[in-house]
Number of protein chains: 2
Amino acid sequence: MRYAKEHKIESRNNILSSALKLFSHRGFDNVSIDEIMANAGLTRGTFYAHFKNKQELYTKAILAVDLELEKNSSTPDNGKLQFKQMVTDYLEADYSNPEILPCPLACLVTDVANREPEVRTAYAESFKTLNLKIKHLLSTKSSSIDEETILAITSMMIGSVAISRTISKQATKKLLSGCKKTVFSLIDAEY
Amino acid sequence: MRYAKEHKIESRNNILSSALKLFSHRGFDNVSIDEIMANAGLTRGTFYAHFKNKQELYTKAILAVDLELEKNSSTPDNGKLQFKQMVTDYLEADYSNPEILPCPLACLVTDVANREPEVRTAYAESFKTLNLKIKHLLSTKSSSIDEETILAITSMMIGSVAISRTISKQATKKLLSGCKKTVFSLIDAEY
DNA sequence: GTCTATAAAAGGATAGAC
DNA sequence: GTCTATCCTTTTATAGAC
């Protein structure tokens with residue numbers, strides 16, 4: 001064979017990460033397969049050697065979010081601190097920089113809601129993983145945080161970042177600082 | 001003239017509300033002008049007698065959300081109760097019924113983020129109006145609620161409804177009830 | 001596996017009649 | 001103001017060479 005097996009895997013990963021980044025920044029419909037492939041250093045025709053169609057790529061790209069989230073799964077001894085750092089990083093990331101991967105859960109909520117069940121299931125998986133990660137950070141031997149509080153927190157994080165991408169920089173500042181304060185107070189109150 | 005002036009205004013309003021409903025349920029790109037016009041009882045060609053292009057329609061439709069939100073602007077004597085009812089209605093509405101207009105702020109966040117500034121500004125306006133409405137409900141002569149807390153609450157409401165449209169019915173139930181409880185606790189604690 | 005070339009469909013926008 | 005008919009661009013997807 002003319003190409004090693006690793007080559008295909010590498011191509012596939014390039015396509016996946018190029019797609020996830022572009023979709024997150026601009027939305028599924030606003031990015032063409034052409035652009036994704038060019039971004040991955042390939043041409044359009046090749047796309048179909050890797051994926052059945054554009055929707056399958058969407059699904060697989062969203063599932064790849066899990067891998068990002070599952071990092072640092074060691075038992076935390078300073079979980080609360082790590083959690084606060086995570087929230088801060090999340091809310092203060094530079095979402096306008098095209099080189100950085102913004103949170104797909106925040107950037108694609110609405111976009112995913114209008115797709116086939118396959119895509120929505122992938123999103124649901126990643127959302128679940130985010131909640132589990134937080135639960136893990138905030139669980140100690142003695143106490144464990146209420147699951148519904150975690151859901152309220154992730155809703156706030158995802159919601160505020162999604163909204164921030166539509167409003168002015170000035171309004172964004174107040175929005176994100178309000179959410180940060182509120183998340184912290186929820187945690188400090190309960191645990 | 002063959003058509004009365006009211007006729008055009010009525011047509012325009014039909015187009016606007018038909019568009020807002022369809023966009024909210026399925027997203028901007030997934031709805032064709034053809035469909036919007038058919039839904040309003042007109043044909044595609046006529047569209048351009050009312051709007052410059054599809055994007056202008058999007059902007060105007062989102063601005064129309066304000067009108068919905070600005071209802072009930074009388075001074076509330078039982079604001080806190082009204083607020084709780086509003087949150088409950090918001091979180092428990094039947095978002096899958098195509099006859100009902102779901103909250104465009106929740107259904108279109110991500111969608112709007114990827115459009116021209118004109119559209120984003122319209123969204124920002126409506127978002128502002130929602131926050132003001134809540135502020136109004138929760139203000140009394142003696143106390144007024146922290147603006148950043150309101151932003152955290154609207155982020156949670158919009159975020160959770162947006163997320164709920166991607167996940168399972170079962171998961172949605174827990175998500176929305178968690179947000180409702182958390183919003184209530186934030187209000188009862190502070191005010 | 002990757003490329004170039006091309007088919008085929010969808011949908012936004014315009015022209016002209018009534 | 002509204003209709004029908006048409007243009008034109010974009011983009012997904014396929015065919016076939018290397």
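A backbone N or O atom of Ile33(A) lies 3.1 Å from a phosphate oxygen of DNA strand D. This is a predicted model. Chain A superposes on chain B by a rotation of 180°. The whole structure holds 0 disulfides.

**Contacts with DNA strand D**

- The side chain of Lys54(A) also approaches the strand: one of its N or O atoms is 3.0 Å from a phosphate oxygen of DNA strand D.
- From chain B, a polar side-chain atom of His50(B) sits 2.7 Å from a phosphate oxygen of DNA strand D.
- His50(B) is also among the residues that come nearest to this strand, together with Lys8(B), Ser11(B), Thr43(B) and Thr46(B).

**The surface around DNA strand D**

- There are 20 residues around DNA strand D.
- By class, 6 of the residues in this surface are nonpolar, 8 are polar and 6 are charged.
- Helix H1 of chain B, residues 5–26, contributes the most, with 3 residues.
- On the DNA side, sugar or phosphate accounts for 61% of the strand D atoms within 4 Å of the protein. The rest belong to bases.

**Relation of the two copies**

- The rotation of 180° that places chain A on chain B comes with 0.0 Å of shift along its axis, and the RMSD is 0.0 Å.
- The two copies are therefore related as by a two-fold rotation axis.
- Both copies use the same surface: 100% of the contact residues of chain A recur in chain B.

**Cysteines**

- The search for disulfides covered all chains and found 0.
- Cys107(A) is in no disulfide, and its nearest cysteine sulfur, that of Cys103(A), is 6.6 Å away. A disulfide needs the two sulfur atoms within 2.5 Å.
- Cys107(A) has a relative accessible area of 0%, so this residue is buried.
- In chain B, Cys103(B) is in no disulfide either, with the sulfur of Cys107(B) as the nearest cysteine sulfur, 6.6 Å away.
- Cys103(B) counts as buried because its relative accessibility is 15%.

**Ser164(A)**

- Ser164(A) is placed in helix H9 of chain A, which spans residues 147–164.
- Its relative accessibility is 11%, so Ser164(A) counts as buried.
- The side chain of Ser164(A) reaches the backbone oxygen of Val161(A) at 2.7 Å.
- Leaving aside residues up to four places away in sequence, Ser164(A) touches Thr172(A), Leu175(A) and Leu176(A).

Note on methods: Residues numbered from 1 in each chain as written. Chains lettered and ligands numbered in written order. Predicted model: local features only at pLDDT ≥ 70, side-chain atom pairs only at ≥ 80, totals over all residues. Heavy atoms only, no water. Helix = DSSP H or I, 4+ residues; strand = E, 2+ residues; numbered from the N terminus. Buried < 20%, exposed > 50% of the residue type's maximum accessible area, 1.4 Å probe, protein only. Polar contact = N/O pair within 3.5 Å; in protein donor to acceptor, adjacent residues only side chain to side chain. Contact = heavy atoms within 4.5 Å. Least-squares fit on C-alpha atoms with pLDDT ≥ 70 in both. Near = heavy atom within 4 Å. Nonpolar A, V, L, I, M, F, W, Y, C, P; charged D, E, K, R; others polar.
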